[in-house]
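Reader: Please take me through one part of this model in close detail. I would like the pockets, and then what surrounds them.

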Amino acid sequence: MIRYTLVKLFYLVVSLWILASVTFLLMKAIPGDPFMSERAVPPEIKARLMAQYGLDKPLHEQYFIYLNKLVHGDLGISMKMQDREVVQMIRDSFPYSLRLGIVAIIVSVVVGVSLGMLAALRHRKLLDTSSMVLAVIGVSVPSFVLASFFQYLFGVKLKWFAVVGLNAPLDYVLPTIALSALPIAFIARLTRSNMLEVLHSDYIKTARSKGLTAGVIVRRHVLRNGILPVVTYIGPLTANVVTGSFIIEQIFGIGGLGKVFVISISNRDYSLIMGITIFYGLILMSARFLTDLAYGFIDPRIKLGNGKEKAA
């Protein structure tokens, strides 16, 4: 297990380096510079700004300076918001995105697994059909459409919830539902299909022949083996929630990191764009790393051979 963990950690570091390098090169490949504006900037002022942020140096020097700062946790200073460090801006705005993301992930897993499990246990009955209809709707309708609909119906018309900000616990309801609708639908269908496969396996038939009750069989055998694909999906789920929150934060006026990222792109703020990209990349890769470790603990058959996962 130690070797398995070290190999996964090595992959995480290499992936993060590739992400940082690609992000840096893409920023340099974009035509123009961060100091372009509607009004012409005097050449001497522009030259001074380029020198201040090291943009006048050769590309390879900028790259190694960037990597050196990144290793030491320095993401630079915003090129549009003077005297504001990127790390500080992330620290100020990320808590809003983090709280919303954690709530959405918990709701997605709990509701999705519950719906999938009930649908599998009530196969081809009304509950199964209803759950799958909801899952199809969740997969088909984009999150921004749901967000706008919920905002109009429950916020503007019925006035049950606020439509802007996260100032009270109830303010999390609408953005959480909009953000978790797709993951709930996917997890429900994934859990249902996998649990149906487990329920028809030979060892479940053997457990029934031994006289074990349905509740014991579900708790000890079906549920544990049925949710293994869901554990694997936790990493992509984090990615879906994080990227989806960009739009949701804009719609609901949440001052989270997604909103700051959208503004940084509009402003061509290289330091802020690269800093937030690396930060989000680290979160997603760490989530995938922890998911792989959790999968290895839950299913002891998973071993590592020649740097690749295999089932024992």
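Author: What follows covers the two pockets, then the helices and cores around them.

This is a predicted model, in which local features need pLDDT of at least 70, side-chain atom pairs count only at pLDDT 80 or more, and totals for chains, interfaces and linings use all residues. Residues are numbered from 1 along each chain as its sequence is written, and side-chain values use heavy atoms, with hydrogens and water left out.

Start with the overall layout. The protein has twelve helices and two strands. Helices (H or I, at least four residues) and strands (E, at least two) are DSSP runs, numbered from the N terminus. The order from the N terminus is α-α-α-α-α-α-α-α-α-α-α-α-β-β. Of the 312 residues, 40% count as buried, that is, under 20% relative accessible area with a 1.4 Å probe and protein chains only.

Now the largest pocket. Its volume is about 430 Å³. A pocket here is an open set of points on a 1 Å grid over the protein atoms alone, where a 1.4 Å probe fits, with protein on both sides within 12 Å along at least five of seven lines; lining residues have an atom within 4 Å of a point. Grid points are joined across faces, edges and corners, and the volume is the space filled by probe spheres set on the points. The lining of the largest pocket has 22 residues, and Tyr53, Ile65, Lys69, Gly76 and Ser271 lie nearest the centre. Helix 1 (2-29), helix 3 (59-71) and helix 12 (270-298) each supply at least two of the lining residues. Helix 3 gives the most, with five. By type, the lining of the largest pocket holds eleven nonpolar, six polar and five charged residues. Ala, Val, Leu, Ile, Met, Phe, Trp, Tyr, Cys and Pro count as nonpolar, Asp, Glu, Lys and Arg as charged, and the others, Gly among them, as polar.

The second largest pocket has a volume of about 360 Å³. It is lined by 15 residues, with Leu16, Leu70, Leu75, Ile278 and Leu282 closest to its centre. Helix 1, helix 3, helix 4 (86-121) and helix 12 each supply at least two residues of this lining. Here helix 1 gives the most, with four residues. The lining of the second largest pocket divides into 13 nonpolar, one polar and one charged.

Helix 1 deserves a check. Its 28 residues should span 40 Å at 1.5 Å a residue, and its end C-alpha atoms are 41 Å apart, which agrees. The expected span is 1.5 Å times one less than the number of residues. Among the buried residues of helix 1 are Tyr4, Val7, Leu12, Phe24 and Met27.

Next, the packing. The largest nonpolar core has 25 residues, and Tyr66, Leu257 and Ile276 have the most contacts inside it. Such a core is a set of buried Ala, Val, Leu, Ile, Met, Phe, Trp, Tyr and Cys residues joined through side-chain atoms within 4.5 Å. Helix 12 gives the most to this core, with seven residues. Leu257 touches residues including Ile90, Phe94, Ile276 and Phe279, where contact means heavy atoms within 4.5 Å.

Last, Asp269. It sits in the loop between helix 11 (257-267) and helix 12. Asp269 is buried, with a relative accessible area of 1%. Leaving out residues up to four places away in sequence, Asp269 touches Ser78, Met79, Lys80, Met81 and Ser264.

Definitions and conventions: Buried < 20%, exposed > 50% of the residue type's maximum accessible area, 1.4 Å probe, protein only.
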